[in-house]
Amino acid sequence: MALKSKLLLVALLLSVLFLSVYVASATQDPELKQCRHQCKQQQGFDSKQREQCEQRCDKYIKQKREEEKHRRRSEGGGGGSFYPISETGREQEEEEEFQGRQQEDQNPYFFEDEHFETRVQTEEGRFQLLQKFTERSDLLRAIENYRIGFLVTKPHAFVAPSHFDADTVLFVFQGRPAVTIVRGEKRETHNLERGDLFRIPAGTPVYMVNRDENEKLFIVNFMKPVSVPGEYEAFYAAGGENPESFFKAFSPQVLQAALKTEMNKLERLFGQQRQGSITRASKEQIKKLSQQHGQGGSEGFWPFHGGQSSSDAFNLFSKHPSQANKFGRLFEADFNDLKQLQDLDLLVSFANITQGAMVGPFFNSRATKISFVLDGEGYFEMASPHVSSTGKQEQQPQPQQRQKSSPRYQKISGNLRRGAVFVAPAGHPMTAIASRNSNLQIICFEVNAHDNIRVPLAGKKNVVSQFDREAKELAFNVPAREVDRIFNNQDNEFFFEGPNEQPEHGRAYA
């Protein structure tokens, strides 16, 4: 009897070992990841077609696993094989892993690496663009005509001239770019620093170089397309094979007439560049490209930072923080700081949340907040009435179902790290918490900012404390003093000490 028990224990241990290896490989299935990525990149697909494509990917992988399972059974022969012993457990683990991945994908307000498309990639740098918000969910229709991306280059990298079919706001997080724009017959060079916001109007030719010898350039781009709603493109005049110049789209006869140049010379001009749109510049070239041009053609050296600004640039860190304590700092730029933000109905803010601390909870009355994680780790939580407990969008009730008197809220959450994007629509209470290992730094773009009010739900100026005594008692069905005891207990404002442990949706931070 003891021998039989030992044999069963050995078989069980082998089953668990195989199961752990198998599930780990399934979780990182590159074929499924590639299939779903291709669905997202299909031109002409709407959100429903992309969802159906991804479902076909899941179905294909699931069917493939079933075939592998049957093959293993056949090879095992039922004799000394341990597959039959662990089959039920393995199927359950596979199904849980499959459901977990689906639920993560169904969070319509959270974006990670796989939701970015690489538009430019060279040895010197890359530009990545987040998918259209409405490709993720129709719940994001309010921001369907906005895009967000980021540029990363090595020191002394040069980004080739182009123009965009979108109004663009840049935020410099790392590096020291010299940005040159061409307006009519004027050429203006702006030497930017960390914390600078810079506006590039749609259709404005622009190029830049990272002046820093040691630090990489990291810029976040926020764009509002003006040509095709929600679609963003860069147009390269200068170039060759890579990047391709748009001049090559014209017929040879037209180019010869327009440029008054022989065809063999044109072929040479537009056939030499093959290094891509991000290349390396020499020190001498950087020195020349960094010289200030503009203001009637004068040349000099005019850096826009340390409190100075032009009509197109403003440094977020030149202002006193609008909120500050030992748990974090918030810097904000509005229409008064950078007038062009008014054209885009946009407010920009930078939050530096101290490790182990939190911001909020709060909500915006009108603005939708699009947040990009610049550095650090943490997580966010948000209350939403539009998503079911399974992560799917709530369906509109039928007339006979309209008896429900109050909404049901679901917790939307996600683990944050550099490059993650999360969206908080107007009216949605949200909070963000930094890990206990590092500060969490976030740049936020708030769309529909005109007349927006940020409504705090905790801290000194929380909205509940401002209710009438009678309103508190009627709403909570407890004496007002109990309400006050809780909502007046927090003596900080906006930034607070965070929770000791991270809840279920993510790992706990040490």
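How much space lies in the second largest pocket? In this predicted model, the second largest pocket holds about 550 Å³ of space. Its lining is made up of 30 residues, and those that lie nearest the centre of the pocket are Val120, Ser162, Ala234, Tyr236 and Ser277. By class, the lining of this pocket has 19 nonpolar, eight polar and three charged residues. Several strands, listed below, each supply at least two residues of that lining.

| Strand | Residues | Share of the lining |
|---|---|---|
| E5 | 157-164 | at least two residues |
| E10 | 206-210 | at least two residues |
| E11 | 217-225 | at least two residues |
| E12 | 234-235 | at least two residues |

Strand E2 likewise supplies at least two residues of the lining, and both E2 and E11 belong to an open sheet of seven strands, which has the order E2-E3-E4-E11-E6-E9-E16 and antiparallel pairing. The edges of this sheet are formed by E2 (116-122) and E16 (313-315), each of which pairs on one side only, while the twist from one strand to the next averages 20°. E2 runs antiparallel to strand E3 (residues 125-130), to which six bridges join it, and Glu117 has Leu129 of E3 as its bridge partner.

Elsewhere in the chain, helix H10 (residues 469-476) packs against helix H11 (residues 480-487) at an angle of about 95°, with the axes 8 Å apart, and the two helices are therefore roughly perpendicular to each other. H10 contributes Arg469, Lys472, Glu473 and Phe476 to the contact, and H11 contributes Ala480, Val483, Asp484 and Phe487; by class, this contact has four nonpolar, no polar and four charged residues.

Definitions and conventions
Residues numbered from 1 in each chain as written. Predicted model: local features only at pLDDT ≥ 70, side-chain atom pairs only at ≥ 80, totals over all residues. Heavy atoms only, no water. Axes fitted to C-alpha atoms, helices over the stretch in contact; angles between N-to-C directions. Helix = DSSP H or I, 4+ residues; strand = E, 2+ residues; numbered from the N terminus. Parallel < 35°, antiparallel > 145°, perpendicular 65-115°, else oblique. Contact = heavy atoms within 4.5 Å. Nonpolar A, V, L, I, M, F, W, Y, C, P; charged D, E, K, R; others polar. Pairing = 2+ DSSP bridges. 1 Å grid on protein atoms, 1.4 Å probe; cavity = no way out; pocket = protein on both sides within 12 Å on 5 of 7 lines; lining within 4 Å. Points joined across faces, edges and corners; volume = space filled by probe spheres on them.
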